[in-house]
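Trainee: I'm new to this structure, and I'd like to take a close look at a single part of it. Please go slowly and explain the terms as you use them.

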Amino acid sequence: MDVAGELTEGSPHPTTRLALAALAERAADRVLDVGTGDGVLARAALAAGATEVVGIDVRAVPAVAGATMLQVAVEAYEGGGFDVVVANLPDPVLLAVLPRLAAMGRTLLVTGVRVERAAALRVRLAAAGARIAATRAREGWVLYVAEAR
């Protein structure tokens, strides 16, 4: 299934395409979509077979059939134990919340950083106790797949 083509109109941002591809490659029962926005990654996780999907964002979130969608900041969200945490967030926000993300899930899919800023993201992942398992890049943007320890 071409999740990107079916779930969005037009061509999604390169970071969204990176996250969509990474989600499609991973079987996960429980997925947390941080910074869910319009819910495209939450819907993609459901389409990939996730049985529990939670989408959170500081802004109002749409209803997504089969997912729990909450308007809450990641710092205030008390859930955890996710198989996958996916976060497509702007660079400074992503770097700031990485320790919290690493505490909430086993596998992290993090993107929203330009390739030239990837070193800062690698350093923050290591500081958060996560080991990079894979790197993907597209059109000047990077996504890391990391395993939390």
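Trainee: How close do the axes of helix H2 and helix H3 come, and at roughly what angle do they cross?

Mentor: Some ground rules before the helices. This is a predicted model, so local features need pLDDT of at least 70 and side-chain atom pairs count only at pLDDT 80 or more, while totals for chains, interfaces and linings use all residues. Residues are numbered from 1 along each chain as its sequence is written, and side-chain values use heavy atoms, leaving out hydrogens and water.

Now your pair. The axes of H2 (residues 14-24) and H3 (residues 40-47) come within 9 Å and cross at roughly 20°. That makes H2 roughly parallel to H3 (angles under 35 degrees count as roughly parallel, over 145 as roughly antiparallel, 65 to 115 as roughly perpendicular and the rest as oblique). The axes are lines fitted to C-alpha atoms, for helices over the stretch in contact, and angles run from 0 to 180 degrees between N-to-C directions. The helix names come from DSSP runs numbered from the N terminus: helices are H or I with at least four residues, strands E with at least two.

H2 passes H3 in a right-handed crossing, meaning the near helix is turned clockwise from the far one by less than a right angle; anticlockwise would be left-handed. As for who touches whom, Thr-16, Ala-19, Leu-20 and Leu-23 of H2 meet Val-40, Leu-41, Ala-44 and Ala-45 of H3, where contact means heavy atoms within 4.5 Å. By class, that contact has seven nonpolar residues, one polar and no charged (Ala, Val, Leu, Ile, Met, Phe, Trp, Tyr, Cys and Pro are nonpolar, Asp, Glu, Lys and Arg charged, and the others, Gly among them, polar). The spacing is worth a thought: an α-helix has 3.6 residues a turn, so residues three or four places apart point the same way.

H2 is also well covered. Nine of its 11 residues are buried, so H2 is largely enclosed by the rest of the structure; buried means under 20% relative accessible area, exposed over 50% and partly exposed in between, with a 1.4 Å probe and protein chains only. Among the buried ones are Pro-14, Arg-17 and Leu-18.

Just ahead of H3, look at Thr-36, which sits in the loop between strand S1 (30-34) and H3. Thr-36 is buried, with a relative accessible area of 5%. Leaving aside neighbours within four places in sequence, Thr-36 is in contact with Ala-42, Gly-55, Ile-56, Asp-57, Val-61 and Met-69.

For another helix pair to set beside yours, try helix H4 (residues 91-104) and helix H5 (residues 118-127), packed at about 15° with axes 9 Å apart. That makes H4 roughly parallel to H5, and the crossing is right-handed. Leu-94, Leu-95, Ala-96, Leu-98 and Pro-99 of H4 make the contact with Ala-120, Leu-121, Arg-124 and Leu-125 of H5. Those residues divide into eight nonpolar, no polar and one charged. In H4, Leu-94 is buried, with a relative accessible area of 0%. The C-alpha atoms of Leu-94 and Leu-121 are separated by 8.4 Å, though the two are 27 residues apart along the chain.
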